[in-house]
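Let's walk through this structure together, one region at a time. Keep the 3D view open as you read.

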Amino acid sequence: MKKFTAVSDVDNLQEIIQKALQIKENPLSETEKGKGKTIGLVFLNSSLRTRLSSQIAAQNLGLNVLTLNAAQEAWNLEFADGAVMNGDTVEHIKDAIEVLNQYCDIIAVRCFAGMKSKEDDVHESILSQFEKHAKVPVISLESATRHPLQSLADCITITENWTENRKPKVVLTWAPHIKPIAQAVGNSFAEWMQEMDVDFVIANPQGYDLDKNFTKDVKVINNQEEALKDADFVYVKNWSSFDDYAAMPEVKENWMLTNQKLSVTHNAKVMHCLPVRRNVELSDEVMDGENSIIYQQAKNRIFSAQAVFSEILEGLDSK
């Protein structure tokens, strides 16, 4: 593996899922693999699970870990090519990345959607700079359009919880929120589910369709109860409008997930990437109920990261 920013960077999804599950059985099985190498974790946005799981995964592999909270601790960065830097920005992103090239064997970066310019976000204005200027492998810790380490953890979690000899039905359902939220998790989950052997549908109100570049021909249902019928897994997530970018069209129906709504499913397991706004996106009874596998999903973030870091290290060693 040369980089990790999307499912297309994975040669064989089932193999990396199985690798992650093997790592979960013995997380310290490769403690010498990263010896003498350094990973730089660059955070331009806030993080809890991604930060901690990435640090644990890297340490389990014996990597030296540098963590930079770039938005708070670094110089103000300039991202525009050809910029005349006579304002608030102090360091150009390509200079910062060139320095990271000198210090790190792997660069992992977290850069959310700006939610102001659809063009900038769709074209990954920040992540693309890292891919362009980095001379070492780049890993996305979430970008404007995708969250691949989360999606891999989701695939691991579904695999762990499915034992029946049939395709599970997986529903990604939109949930309410108090502010506009980026589409990255929804996009990414849709993309990865299309590589899994599942029956996948998306439920969202009218006006909230995700980018067709990610959902492609996946069935989208505007009635939540209809979509949830016979589901085996229900993934709850909010996102704002893609067509009317970052807007929040009015939704009159109540889309918050409750146990009553789960009654039409096959006793479905409930997933959420966290953080979650309780009793807005989903109810306490669901979050804390026996069908919730949300914390298991969060723990699997360690093993998705560790599997990817391990694969990247193997690519470095093969040079």
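Strand β4, made up of residues 91-92, is where you will find Glu91. Please bear in mind as you look that this is a predicted model. Is Glu91 buried, exposed or something in between? Its relative accessible area is 24%, so Glu91 is partly exposed; buried would require a value under 20%. Setting aside neighbours up to four places along the sequence, the residues in contact with Glu91 are Trp75, Asn76, Leu77, Glu78, Met85 and Ala96. For a sense of distance, you can also pick out Glu314, which is 223 residues away from Glu91 along the chain. The C-alpha atoms of Glu91 and Glu314 are 33 Å apart.

Now turn to the sheet. Four strands come together in an open sheet, in the order β2-β1-β5-β6, and their pairing is parallel. Which strands stand at the edges? They are β2 (64-69) and β6, and because each has a single partner strand, one side of each is left without a neighbour in the sheet. On average, neighbouring strands of this sheet are turned by 20 degrees against each other, ignoring direction. In general, the strands of a sheet pair through backbone hydrogen bonds, and they may do so in parallel or antiparallel fashion. Here, strand β1 (residues 38-43) runs parallel to strand β5 (residues 106-110), and 5 bridges join the two. If you would like one bridge to look at, start from Leu41, whose partner in β5 is Ala108.

From the edge strand β6, follow the chain onward. The loop between β6 (138-140) and α7 (148-160) holds Ser143. Why does Ser143 count as buried? Its relative accessibility is 2%, and the limit for buried is under 20%. The side chain of Ser143 also makes a polar contact with the side chain of Glu124, at 2.7 Å. Beyond residues up to four places away in sequence, Ser143 touches Cys111, Phe112, Ala113, Glu124, Leu127 and Ala184.

Phe112, one of the residues touched by Ser143, takes us to the largest pocket. This pocket holds about 670 Å³ of space. How many residues line the largest pocket? The lining has 30 residues, and those nearest the centre are Arg110, Phe112, Ile181, Lys237 and Pro275. Two helices to highlight here are α2 (49-60) and α8 (184-193), each of which supplies at least two residues of the lining.

Note on methods: Residues numbered from 1 in each chain as written. Predicted model: local features only at pLDDT ≥ 70, side-chain atom pairs only at ≥ 80, totals over all residues. Heavy atoms only, no water. Buried < 20%, exposed > 50% of the residue type's maximum accessible area, 1.4 Å probe, protein only. Polar contact = N/O pair within 3.5 Å; in protein donor to acceptor, adjacent residues only side chain to side chain. Contact = heavy atoms within 4.5 Å. Pairing = 2+ DSSP bridges. Axes fitted to C-alpha atoms, helices over the stretch in contact; angles between N-to-C directions. 1 Å grid on protein atoms, 1.4 Å probe; cavity = no way out; pocket = protein on both sides within 12 Å on 5 of 7 lines; lining within 4 Å. Points joined across faces, edges and corners; volume = space filled by probe spheres on them.
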